[in-house]
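Here are my notes for someone opening this one up for the first time. Have the structure on screen while you read.

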Amino acid sequence: MSSSRLEILNDGGLRHDARRPYELRSTSFELSTHPSAEGSSTVTQGLTTVQVSIFGPREPRQRSNASHDRAILSVEVGVVPWAQGAGGKRVRGDKRLQEIGASIRQTFEPVIMTHLYPRSEIAIDVQVLSADGGILPTSINAVTLALISAGISLLDYVTSISIGLHLTQPLLDLSQPEESDLPNMVVASLPTSGKITLAQMETRLHVDRFEEMLNLGVEACKVLKNEMELVVKDKTRKIVDRMEIKSGAAMIVDE
Amino acid sequence: MFVIKTVPPSSTQTFADDMPATHRKHQIEIDAMQVDEDEYGAGPSKRTIVTPGEIITSSKEYMRGHGTYVEEVNVVSSVTGTIERVNKLISVKPVRSKYTPEVGDLVIGRIVEVGPQRWRVDANGRQDAVLMLSSVNLPGGVQRRKIESDALKMREFLAEGDLLVAEVQAFFGDGAMSLHTRSLKYGKLRNGQLLTVPPQLIRRLKSHFHHIPPPCGPSGVDIILGLNGFIWVSSGTSQEKREGGEGFDSEGVYSDKNDDITPEGRQAISSVANLIKVLADQGIPLTDTLIEEASNWMNQNQLPIGPLVKNDEQRLLAEVVGVDVTE
Amino acid sequence: MVREIDPPTIQKDFLLAALAEGKRLDGRIPLEQRKVEYIFGEELGTVECRLGKTAVLAQVSASIVKPRDDRPYEGFLLINSEIGPMASSVYESGRSSDSEILITRLLEKSIRRTEAIDREALCILAGEKVWQLRLTLHFLSDSGNLLDCASMASMAALRHFRKPEVEVIGDEVIIHSPEERAPVPLAIHHTPLCLTFAYFENLPPILDPTHLETTLCSGTLTVTMNAQREICVLSKAGGTPLAAEEIMGVVTVGVERVREMVKGIEEALDTDKEGRVVEVR
């Protein structure tokens, strides 16, 4: 819409940041980055960084909200003031963040096995530390990792990615300039079954193109999941190794 | 259909820790894993790690336990942790999770609300725990009957914010735990400081009350390891002042006043607390013996008072626990 | 938002059992919409849309303002859509709940961001004067699926609305009153309409869920489409995970349905036009 001077794909088939169309941005997943939360993670995709902390399951802050047969989820989304750089435009109002929060809550409600934690609350705090496109997908990825590190029962990972379309060429994992220039959508899926839990699109697109993008997104989610799994297993292995340490003559009753 | 390329790990990926080489191996292990009789009984370091959504076994012969769910004919993991097998029951033990109480557990909690005939206690669980007025000992002896005026004076015994040590007595229908303090060992806490560690680090031990004798402080240091991950480190009480001893002050159980603690006593408390923090930060399971060994090591090495410097921390971990954290 | 009391278990079981047989409590088949009715107000640009017992009133008004400096050729379209306690006792005025935000955001995206209105056609004098359209939605009654109803009401109102004709002579702008010259319709690119589907575990999706169905369903999907087979907005915020084919199935249904709905709006507009004197002289 705005900066049409940007060349989305150059003659060599490379994007403005020298990526190929299906190439993801450099990604890092970190677990347990918050000292006191039950579970936390920091996910960086390109220049977008999101930190998520999970508190709970705990006694609901508002006891009237508690549900007798399952846990309730409460999601807070915040963007730090410097997230978009000094010259960057501000996040449009509170509504957009609330919408992201509602989307995250509804995405995870069927995936978290909430019936295991009746009368409790799982609080998910999402902080966007720097924003360069794809806040929602990065947040969803970070929430998945944080839930895993909190030991909360999940049916599967949920991974998410943004997909854009340039003429007839789909592009994966959009940066901010691409996001504002291209028709784009966000897909979140359960990688094992390939089912889609969230799909959001805000720009006009012909029906026939839509399916291709959807399938591409699901495929990319699987790739992300594999990368996440490596990090999770590596971290877990370290914790397990430490837990195996038996000190001297300690009398260990259980096990 | 198409190719999705991620950035090659060597150049740009900055995973939390060093990753690839060793870890690709586990992947293969898991791929090759079959439900075999010996597989789950394998030695500790070879425990199989699974993450949510991972199929553990496709056999109908096994029962699903905690941390798993059944999808079609598969037992699937729902948490990240190690596979545990007891006969035909397969469960996954999460490496980190909220404290899961069991009857008989010793916990440390904080009063959050004084209600009718009961206190609500935050014991780091999924819901607040409940301490009934009928489950506490009141001053005046074990046999004392509770009368109506006791219900009115509840806040005098335990007010909001007070810490206490208690035992899990039972569970309510909704899963909330009911505590009791009907032993002179339990009750209000004072003369010390609270530490919070991940609950997994505290194993069930024969006794969760531990006394480190002098020279660690003039009167030693007492440690209570709550299974919910709360640890109470306080000034040591001498033998005769403990419950059942000659000098035990049964009237002072609900006192809010700290005893006079000498500066040396305070130093001892905080240095033991520092030790526990160092060990917990490294994810090392805490036991009474380990803490005592570490404390002895501190005394032998005549370390300066105050938090451990990095170098000493590494030495402590290497010499007492045998963990190398110098990387 | 005040938490509603969950519907009784037997009602839930009955509804699910009926759905399993392909029946709905109000006698519709799964992919049938409730009866749509448009009631046009006296003034141009006032439309009440009824979808079963759900009702939304849309009003369009226009005023002349100065354009933004960076977009001197563009007019404005403002959407006011606050859901008050009138629609249902669960809504509080002043505080918006999750579902409310999703409704208003989706409306915003469906109508404003899809460029349904040619905003450049709202320009009167570049950099000086442009039309500012204000679309105000009154949610009269919530019996489920407020969003679809609101989108139909909005599009009908925008197509019903006429703005006064203006004449520009040099720097002079003359606004002709409706008595003087016939007001002109807005330049509308396309008519995007929302379609909401509700999902139940292991059952085919249903279109246009009622309030009870929304409460009991395991997830909804809203797709905004136009008659040109374009998806304008698609929103599936969580809920039951679906396979890609299932989503495509819904979209295919939507393509046909939207065409009928646009036709419905056009017919209603034509009927209204016949009984109305718009042209002077």
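The points below go through the contact between two of the chains, then a record entry, then a small sheet.

1. Before anything else, keep in mind that this is a predicted model.

2. Start with where chain C meets chain A. The contact draws 29 residues from chain C and 30 residues from chain A. On the chain C side, the elements giving two or more residues are α2 (98-113), β14 (230-242) and α5 (244-274). Of these, β14(C) gives the most, with 13 residues. Sorted by class, that side of chain C has 15 nonpolar, 6 polar and 8 charged residues.

3. Now look at β14(C) again, since it also pairs across the chains. Its partner in chain A is strand β9 (residues 195-201), and the two run antiparallel over 5 bridges. If you want one spot to find it by, go to A:Met201, whose bridge partner in β14(C) is C:Leu234.

4. Next come the helices. As a reminder, two packed helices are described by the angle between their axes and the distance between the axes. Here helix α4 (residues 207-243) of chain A packs on α5(C) at an angle of about 165°, and the axes are 10 Å apart. Angles over 145 degrees count as roughly antiparallel, so that is the label for α4(A) and α5(C). The crossing of α4(A) past α5(C) is right-handed.

5. Which residues of α4(A) and α5(C) meet? From α4(A) there are A:Val207, A:Phe210, A:Glu211, A:Leu214, A:Asn215 and A:Val218, and from α5(C) come C:Ala244, C:Ile247, C:Met248, C:Val251 and C:Val255. By class, this helix contact has 9 nonpolar, 1 polar and 1 charged residues.

6. On annotation, UniProt has an unreviewed entry that places "domain: Exoribonuclease phosphorolytic" at residues 23-152 and 156-219 of chain A. In the model, residues 156-219 of chain A are 30% helix and 44% strand, and the C-alpha atoms at the two ends of that span lie 16 Å apart.

7. Finally, turn to chain B, which has an open sheet of 4 strands in the order β1-β6-β7-β3, with mixed pairing. Why do β1 (49-50) and β3 (63-64) of chain B each have one side without a neighbour in the sheet? They stand at the edges, and each has a single partner strand, so one side of each is left free of a neighbour there. For β3(B), strand β7 (residues 89-94) of chain B runs parallel to it and is joined to it by 2 bridges. Look for B:Met63, which stands opposite B:Leu89 in β7(B).

Notes
Residues are numbered from 1 along each chain as its sequence is written. Chains are lettered from A and ligands numbered from 1 in the order in which they are written. This is a predicted model: local features need pLDDT of at least 70, side-chain atom pairs count only at pLDDT 80 or more; totals for chains, interfaces and linings use all residues. Two residues are in contact if their C-beta atoms, placed from the backbone, lie within 7 Å. Ala, Val, Leu, Ile, Met, Phe, Trp, Tyr, Cys and Pro count as nonpolar, Asp, Glu, Lys and Arg as charged, and the others, Gly among them, as polar. Two strands pair if DSSP finds at least two bridges between them. Axes are lines fitted to C-alpha atoms, for helices over the stretch in contact, and angles run from 0 to 180 degrees between N-to-C directions. Angles under 35 degrees count as roughly parallel, over 145 as roughly antiparallel, 65 to 115 as roughly perpendicular and the rest as oblique. A crossing is left-handed if the near helix is turned anticlockwise from the far one by less than a right angle, and right-handed if clockwise. UniProt positions are given in the numbering used here, feature names are shortened, and annotations may be inferred rather than shown by experiment.
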